[in-house]
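Biologist: Before I trust any labels on this one, I'd like to hear the reasoning behind them. Can we go through it together?

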Protein chains: 4
Amino acid sequence: MKNVNVSIEACLACMVECEKCATDCLTMEGHKACIKLCRDCADICALCARLCARGSKFADELCSLCVKCCEECALECSKHEMECCKKCANVCKKCAEACKM
Amino acid sequence: MKNVNVSIEACLACMVECEKCATDCLTMEGHKACIKLCRDCADICALCARLCARGSKFADELCSLCVKCCEECALECSKHEMECCKKCANVCKKCAEACKM
Amino acid sequence: MKNVNVSIEACLACMVECEKCATDCLTMEGHKACIKLCRDCADICALCARLCARGSKFADELCSLCVKCCEECALECSKHEMECCKKCANVCKKCAEACKM
Amino acid sequence: MKNVNVSIEACLACMVECEKCATDCLTMEGHKACIKLCRDCADICALCARLCARGSKFADELCSLCVKCCEECALECSKHEMECCKKCANVCKKCAEACKM
């Protein structure tokens, strides 16, 4: 069963790494999909954490979207060798687990 | 069929009125549900507009959540007589229509 | 000297408690100023953490605003006896310290 | 003198074009600075619009930061020939004007 505080922590950790990854990857060729997913993932994780923190009735639905976005971002980031991508794939996987019902 | 620019405009107009309504209603008794929904609605509309603007692959799913949130917020705000609530209910209904597929 | 990772963690912890405090205080009379400050503080802390994480050239200026907002929010929340207000005042003070240059 | 509604509209128009520009420029070489500024500018404009809409006591300070960010983003985007950069430079200039005191 989902633990709200675990979800919040996982979303915020994921948001931070996605911000870093979206920034660091701007210097690399072939990272367009990675940057796009990291931007979306940072935004979705940020809102997910906030809706969970405030006990919103829409938190569960945003968690579902967060799982999907994190899984796609993890898949894309795991294709790359850069340190930021490895870290990002790792926290995305953890966040997807933490946000599952 | 959904027109992305129409959705973006509707989301942003809705976000602005929800911010105003959540603020103005703080002086009123019996507006707790209204304030909570307005906060959620402002946040969800804001992200919806941004994901639509950037052509995110998650835009459609956030639009679906936006429709649901706007409909609930419109229903709640339409129970109240304050000017901010009437305005908010109106833009919420328009936003829900604009974000439907 | 400011440590970016410490600032990010402090901003995110502050954002979470401000979300909770703004929500819990909706049931209380006389908490209008507290709710308003918590909403602003949650938003400013959220953006501050993200600009710090991505190494934005505007991060320092948002940190300065964050310090001011956190100090005001801590002052207001420390007037109240509710558990959420005490917690919030505490993390706001820590965040203000962490974001100072 | 600053008109709040004009500032809000200008910030939201700027946010939308910055989102588009940050996305479209991912396909181009030599647009790293442009993408970074557009991401910051979209985020700062979004929060600025919301703080203005809710009558926050921190709105003026965020407006000042918004002016600075918009001016830098306009300067960078005006170096490029892409349609999205021209549009973005244009709305950034308008937003900087609208947010000046």
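Modeller: Here is a short round of questions on two interfaces and a cavity, and bear in mind that the model is predicted.

Biologist: What makes C:Arg54 and D:Asp43 a salt bridge?

Modeller: The rule wants a side-chain nitrogen of Lys or Arg within 4 Å of a carboxyl oxygen of Asp or Glu. The side chains of C:Arg54 and D:Asp43 come to 2.5 Å, N to O, so the pair counts as a salt bridge. Between chain C and chain D the rule finds eight salt bridges. There are also ten residue pairs in polar contact between these two chains, both residues at pLDDT 80 or more.

Biologist: And which elements of chain C give two or more residues to the side that touches chain D?

Modeller: Those are α2 (32–53) and α3 (59–77) of chain C. α2(C) gives the most, with seven residues. By class, that side of chain C has eight nonpolar, one polar and eight charged residues.

Biologist: How much area do chain C and chain D bury between them?

Modeller: About 1800 Å², with 57% of it on carbon and sulfur atoms. On the chain C side, C:Asp40, C:Arg54 and C:Phe58 supply 33% of the buried area, more than any other three residues. As for contacts, 17 residues of chain C meet 17 residues of chain D.

Biologist: Over to the other pair, then. Why is A:Arg54 with B:Asp40 called a salt bridge?

Modeller: Their closest N and O atoms are 2.9 Å apart. The cut-off is 4 Å between a Lys or Arg nitrogen and an Asp or Glu carboxyl oxygen, so the label holds. Across the interface of chain B and chain A the rule again gives eight salt bridges.

Biologist: What do chain B and chain A bury?

Modeller: About 1800 Å², of which carbon and sulfur atoms give 57%. In chain B, B:Asp40, B:Arg54 and B:Phe58 lose the most area to chain A, together 33% of what that side buries.

Biologist: How many cavities of 30 Å³ or more are there, and how much space lies in the largest?

Modeller: The count is four, and the largest holds about 380 Å³. It has 16 lining residues, and the closest to its centre are A:Asp43, A:Arg50, B:Arg50, C:Arg50 and D:Arg50. α2 of chain A, of chain B, of chain C and of chain D each give two or more residues to the lining.

Biologist: What makes A:Arg50 count as charged in that lining?

Modeller: Arg is in the charged class along with Asp, Glu and Lys, so A:Arg50 goes there. The lining has eight charged residues, eight nonpolar and no polar.

Methods:
Residues numbered from 1 in each chain as written. Chains lettered and ligands numbered in written order. Predicted model: local features only at pLDDT ≥ 70, side-chain atom pairs only at ≥ 80, totals over all residues. Heavy atoms only, no water. Contact = heavy atoms within 4.5 Å. Buried area = accessible area lost by both parts, 1.4 Å probe. Polar contact = N/O pair within 3.5 Å; in protein donor to acceptor, adjacent residues only side chain to side chain. Helix = DSSP H or I, 4+ residues; strand = E, 2+ residues; numbered from the N terminus. 1 Å grid on protein atoms, 1.4 Å probe; cavity = no way out; pocket = protein on both sides within 12 Å on 5 of 7 lines; lining within 4 Å. Points joined across faces, edges and corners; volume = space filled by probe spheres on them.
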